[in-house]
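Visitor: I've never looked at this one before. Could you walk me through it?

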Amino acid sequence: MAAGVLVLSGVVVASGWLLGALDDDTGPGDRLGEEAADVRWAEGITPEWMSEQLDLGIPATARSPQAAYKVTSRFDTGLLTFTLTRSEADAYLKQHPPEKKWLEPTSAQTDAAPHDFAHFGLPEPETLKDGMRYGYVCPGSPKATEEQDISEMYGLSDKHCVSVYVHEYTPQRTRIYIRDHFEPGVSPLPTPSSPTSKG
């Protein structure tokens with residue numbers, strides 16, 4: 001008898017919750033809209049600042065360096081991109097090898113919506129296949145040891161890795177895409193410099 005009363009109470013509570021949710025007009029679509037409205041791009045982000053946050057340097061020979069920092073309520077995203085000659089890119093990647101090995105996409109994700117690098121007018125690296133490789137680079141991490149492997153297996157490693165995409169978009173040039181996620185509000189953002197008046 002008591003079990004029957006509990007089940008009936010649960011049904012009444014669930015029904016009330018559903019009706020309340022419908023009355024409030026807060027369906028999943030509305031929540032997605034709120035999340036999208038919550039996104040903003042921080043001002044004053046320079047490639048040098050982003051490079052420091054990622055702990056990955058930008059070669060002096062790099063062309064078209066661009067950086068951005070996207071702020072949301074869930075997590076922040078740091079972006080850095082630049083181009084190098086093929087040989088410069090090879091030298092850079094030798095200094096910053098991937099955690100395991102470079103991977104090549106089996107296919108391009110043609111359905112991936114523009115979300116990060118589109119901010120620079122570039123295609124998302126996931127949408128590219130030809131001449132593309134990617135991996136996780138862990139700046140400043142020592143070579144893997146058995147002890148590290150065990151700590152990673154149990155999720156105890158404090159190693160910090162970033163996503164690096166390498167696109168050989170012409171026979172001579174390579175574009176480096178770097179992306180990392182941050183806890184919201186952890187990193188103090190740079191203060192945009194005020195425009196100076198020219199006399």
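Here is a short chat about the sheet, its strands and the cores.

Visitor: In what order do the six strands of the open sheet come?
Guide: Keep in mind that this is a predicted model. Six strands make up an open sheet, and their pairing is antiparallel. The edge strands, β1 (40-41) and β4, each pair on one side only. Reading across, the order is β1-β2-β3-β6-β5-β4.

Visitor: How many bridges join β5 to β6?
Guide: β5 and β6 form a hairpin, with five residues between them. V166 stands opposite I176 in β6. The two strands run antiparallel, and the number of bridges joining them is five.

Visitor: And on the β4 side, which residue of β5 is the bridge partner of V137?
Guide: Strand β4 (residues 132-137) pairs with β5 in the antiparallel sense, over six bridges. Look along β5 for the bridge partner of V137 and you land on V162.

Visitor: Is β5 largely enclosed or largely open?
Guide: Let's check both ways its residues point. V162, V164 and V166 point one way from β5, S163, Y165 and H167 point the other way, and all are buried. That makes six of the six residues of β5 buried, so the rest of the structure leaves this strand largely enclosed.

Visitor: Which residues touch the most other members of the largest nonpolar core?
Guide: That core has 23 residues. At least two of them come from each of α3 (47-54), β2 (63-71), β3, α4 (86-95), β5 (162-167) and β6 (173-182). A second, separate core has nine residues, including F117 and L128. Back in the largest core, the ones touching the most other members are M50, I176 and I178.

Visitor: At about what angle does α4 run to β3?
Guide: Two helices are worth finding here. α3 lies across β2, β3, β5 and β6, and runs at about 65 degrees to β2. α4 lies across β3, β4, β5 and β6, and its angle to β3 is about 130 degrees.

Visitor: Is T83 buried or exposed?
Guide: T83 sits in strand β3 (residues 76-85). Its contacts further along the sequence, beyond four places, include T61, Y169 and R175. With a relative accessible area of 3%, which is under the 20% cut-off, T83 counts as buried.

Visitor: Which side chain does the side chain of T83 join in a polar contact of 2.9 Å?
Guide: Start from the residues in contact with T83, among them R63, R173 and T174. The polar contact of 2.9 Å runs between side chains, and the partner of T83 is R173.

Conventions:
Residues are numbered from 1 along each chain as its sequence is written. This is a predicted model: local features need pLDDT of at least 70, side-chain atom pairs count only at pLDDT 80 or more; totals for chains, interfaces and linings use all residues. Side-chain values use heavy atoms; hydrogens and water are left out. Helices (H or I, at least four residues) and strands (E, at least two) are DSSP runs, numbered from the N terminus. Buried means under 20% relative accessible area, exposed over 50%, partly exposed in between (1.4 Å probe, protein chains only). A polar contact is a pair of N or O atoms within 3.5 Å; within protein, one must be able to donate a hydrogen and the other to accept it, and residues adjacent in sequence count only if both atoms are side-chain atoms. Contact means heavy atoms within 4.5 Å. A nonpolar core is a set of buried Ala, Val, Leu, Ile, Met, Phe, Trp, Tyr and Cys residues joined through side-chain atoms within 4.5 Å. Two strands pair if DSSP finds at least two bridges between them. Axes are lines fitted to C-alpha atoms, for helices over the stretch in contact, and angles run from 0 to 180 degrees between N-to-C directions.
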